[in-house]
Amino acid sequence: MNKNVEEWLAGAPADVTETTERLLAEVAGMRAEGQTIYPPQDDILNALAWTAPADVRAVILGQDPYHEEGQAMGLSFSVHDGCKLPPSLRNIYKEMASDLGCETPSSGDLSGWARQGVLLLNTTLTVRQGAANSHAKLGWQVLTHYIVRRCLELPQPVVFLTWGRYAVNLVDGAKAALGDGVAGNKFCLASTHPSPLSARRAGGGLPAFIGSAPFSHANALLVAHGAEPIDWARTA
């Protein structure tokens with residue numbers, strides 16, 4: 001197992017480690033039976049493999065992987081270099097360029113963010129080809145909700161970019177469960193989801209994603225609490 005993944009799971013409750021092992025084996029079995037599952041087996045835990053707990057500075061939560069061929073790479077919102085940019089990622093890049101005055105990246109590969117301490121975590125880690133949310137009830141949330149709680153307990157400053165009500169509720173629920181266990185250097189920048197359906201409209205008590213300037217605000221919070229800013233323009 002990857003060293004960073006081992007660090008994430010060190011000290012995890014038995015149900016987390018056992019569920020993770022069971023689901024990895026279950027998904028491998030689905031592939032053996034002929035199902036097409038994304039991302040590839042070796043990429044399922046990439047969010048944890050690419051970003052060690054000690055390196056986390058920001059967390060961006062997605063729901064489940066892209067479900068078309070060649071897209072999913074185990075990092076939320078990220079696609080392999082050469083893939084057409086999905087609509088939500090186009091809006092993320094559009095807001096980043098407006099917020100920071102930088103060029104819009106041509107590649108949808110966000111591994112450069114992961115290498116800088118941005119945990120790109122989907123709450124469901126696999127999906128069946130062509131069927132969004134098809135693995136939503138498989139049980140990955142046992143692991144991914146635990147990882148969110150771990151991030152809230154880390155000693156260093158961490159900014160959660162919670163885009164959409166689902167992400168907001170997930171982090172709020174983890175905070176409530178931990179109570180006084182959440183350090184004062186954890187922050188949430190909430191907005192609507194960058195999907196074309198919601199990116200430009202406020203709703204549900206959340207400001208619109210477009211115009212929310214999450215990248216500059218995240219860096220300002222990190223710097224104010226003694227951490228290095230993220231070079232958001234360096235995506236790959």
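Here are three short exercises on salt bridges and on one asparagine, each with a worked solution.

This is a predicted model, in which local features need pLDDT of at least 70, side-chain atom pairs count only at pLDDT 80 or more, and totals for chains, interfaces and linings use all residues. Residues are numbered from 1 along each chain as its sequence is written, and side-chain values use heavy atoms, with hydrogens and water left out.

**Exercise 1.** Find out how many salt bridges the structure holds, and which residue pairs with R22.

*Step 1.* Start with the rule: a salt bridge is a side-chain nitrogen of Lys or Arg within 4 Å of a carboxyl oxygen of Asp or Glu.

*Step 2.* Count them up, and you get three.

*Step 3.* Now look at R22: its salt bridge goes to E26, with the closest N and O atoms 3.0 Å apart. Both residues sit in helix 2 (residues 14-32), four residues apart, which is about one turn of the helix. (Helices are DSSP runs of H or I with at least four residues, strands are runs of E with at least two, and both are numbered from the N terminus.)

**Exercise 2.** Work out whether K3 and E7 are buried or exposed, and how they meet.

*Step 1.* Get the cut-offs straight: buried means under 20% relative accessible area, exposed over 50%, and partly exposed in between (1.4 Å probe, protein chains only).

*Step 2.* K3 comes out at 56% relative accessibility, so it counts as exposed. E7 has 29%, so it is partly exposed.

*Step 3.* Their side chains form a salt bridge, 2.6 Å from N to O. Both belong to helix 1 (residues 3-9), and because they are four residues apart, about one helical turn separates them.

**Exercise 3.** Describe the surroundings of N185: where is it, and what does it touch?

*Step 1.* Place it first: N185 is in the loop between helix 7 (165-178) and strand 6 (186-191).

*Step 2.* Check its accessibility: the value is 15%, so N185 counts as buried.

*Step 3.* List its contacts (heavy atoms within 4.5 Å). Leaving aside residues up to four places away in sequence, N185 touches L154, P155, Q156, P157 and V158.

*Step 4.* Look for polar contacts, meaning N or O atoms within 3.5 Å; within protein, one must be able to donate a hydrogen and the other to accept it, and residues adjacent in sequence count only if both atoms are side-chain atoms. A polar atom of the N185 side chain lies 2.8 Å from the backbone oxygen of P155. The side chains of N185 and K186 are also joined by a polar contact, of 2.7 Å.
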